[in-house]
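Me: I would like to learn how to read a pocket and a helix packing in a model like this one. Could we take the features one at a time, with the general idea before the case at hand?

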Amino acid sequence: MARLDPLSCHAAVLSAVLAAAVLPPATASEFSASLRSHGLARQTAITGPLAQAHALYGGIAADQPSEGAAQLQMQGSTQWAGLQWHADVLAQAQRPEGGPGHTQAAVLEAYAAGQAGAWQWTAGRKVVGWDVGYGFRPNDLVQQEQRRTLVSQPLQGRPVLMAEQFGAESAWSLVAVNPTTGRDATGAGEGALAARWYQRLGSADAYAFARWGRRTQGSVGAAWSWVASDALELHASLRHLARFDTWQDASASAGALANASPWRALTAGAAQQLLLGGTWTNAEQVSVLLEAWHDGTAPSRGQWKRWADRNAALQHLGAVGAPAVAVASNLAWQTQAFSASPSLHRRNLFARLAWTTGPWESALDLLYHPTDDGRLYTASLAWKGDRLRLEGGLRTSAGPGTAVVRQLPVQRQAFVQAVWVLN
């Protein structure tokens, strides 16, 4: 396990505490502030294309170092001129191991909300999370949140113009997300129109979704969640996409050395995403979550086979005397394949065991890839008081050396985190 940097963020934490202490009384009807500090240790992989690149030519690409960070988050809301105003800001000091520290500030949310007839509207930056899954959310059409991050972090909302209508057992949501971005914006930054319809059906919730993106065009989806009993909940989500953004290797042949990265961003054709899952919880607060999903936007088995063949061909070139810096550069570029999709593989199985007793919360989960037997384990333990939450955890990959998850630049991670609510 990589050694943690001693977290020279004490000055930043002290500054944040002083800033919170001298803030003038808030005119908002609600105000809250919290301090968050974490240390994250990463162990660099000894296998995979990036490790092979460094073995040929040290320092050819940047690693993901261990780090320490301290954050001050402040939220406020008020009523003024007949509207609801809300702001959420974050100031952060971060120090990577072996490198200089830096500070930054971000607006997580800043919006105004009001009502026009039967409709409620919102304008500004806001977190809008949709869908019913835990490990994967096909119909998270607005926020497009990265799921299952090791260290929980506050989300930064998307610029939206949103209108919502709520009935006794139904609701409509219409959203223009990123309305000012250009046509070349990709991923969560793409300008789009999205809609969600919700209907309560006894003990079940049904949803329908639609989205039209400037580049990726149309997609439609549906989701369902059913509370079958006091202990059992079942859920499902389905989405069809006309197009999606991805990365593709444009190399002429597996053994050819490129002068620049051969990986190209492109918009691919139709794909489907499907998730099935359920949660069982007993009276002792032990819960088991099981989910299986198919992500048609992820690389196929054949694409990963061609990727592995290119890795092997590049290693062979290095062994027979090809220029080390050229081979190392091509190997480092191979890591761009990991950004092709939110999922590494099209088929995924996820299991999570959690237990809450008093102030203690513990969890153990497994993400399994049946295609190549790759596995990703995560364990965490947390203690929660009235204002203080302490948490720590570990994540490690396992499976055969040929599994894609074993080729990632970071193979093991550990973290500790403290969150203190100031008021």
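Reply: Let us begin with a pocket, bearing in mind that this is a predicted model. A pocket is read through the residues that line it, and here the second largest pocket has a lining of 24 residues, with Gln248, Asp249, Trp263, Gln303 and Arg306 lying nearest its centre. Its volume is about 410 Å³.

Me: Which elements each supply at least two residues of the lining of the second largest pocket, and how does that lining divide by class?

Reply: The strands β12 (244-249) and β13 (263-268), together with the helix α3 (301-319), each supply at least two residues of that lining. By class, the lining of the second largest pocket comprises 13 nonpolar, 7 polar and 4 charged residues.

Me: Turning to helix packing, at what angle do the axes of α2 and α4 cross, and how should I describe their relative direction?

Reply: The angle is taken between N-to-C directions, and a value over 145 degrees counts as roughly antiparallel. The axes of α2 (residues 49-56) and α4 (residues 324-333) come within 8 Å and cross at roughly 165°, and these two helices are therefore roughly antiparallel to each other. The crossing in which α2 passes α4 is left-handed.

Me: Which residues make that contact, and what is its make-up by class?

Reply: From α2 the contact draws on Pro49, Leu50, Gln52, Ala53 and Leu56, while α4 contributes Ala324, Val327, Ala328, Leu331 and Ala332. By class, the contact of α2 with α4 has 9 nonpolar residues and 1 polar residue, with no charged residues.

Me: How do the axes of α3 and α4 cross, and which residues of the two helices are in contact?

Reply: The axes of α3 and α4 come within 9 Å and cross at roughly 165°, so α3 and α4 are roughly antiparallel to each other. In passing α4, α3 makes a left-handed crossing. Arg310, Asn311, Leu314, Leu317 and Gly318 of α3 meet Val327, Asn330 and Leu331 of α4, and by class the residues of this contact divide into 4 nonpolar, 3 polar and 1 charged.

Definitions and conventions. Residues numbered from 1 in each chain as written. Predicted model: local features only at pLDDT ≥ 70, side-chain atom pairs only at ≥ 80, totals over all residues. Heavy atoms only, no water. 1 Å grid on protein atoms, 1.4 Å probe; cavity = no way out; pocket = protein on both sides within 12 Å on 5 of 7 lines; lining within 4 Å. Points joined across faces, edges and corners; volume = space filled by probe spheres on them. Helix = DSSP H or I, 4+ residues; strand = E, 2+ residues; numbered from the N terminus. Nonpolar A, V, L, I, M, F, W, Y, C, P; charged D, E, K, R; others polar. Axes fitted to C-alpha atoms, helices over the stretch in contact; angles between N-to-C directions. Parallel < 35°, antiparallel > 145°, perpendicular 65-115°, else oblique. Left-handed = near helix turned anticlockwise from the far one by under 90°. Contact = heavy atoms within 4.5 Å.
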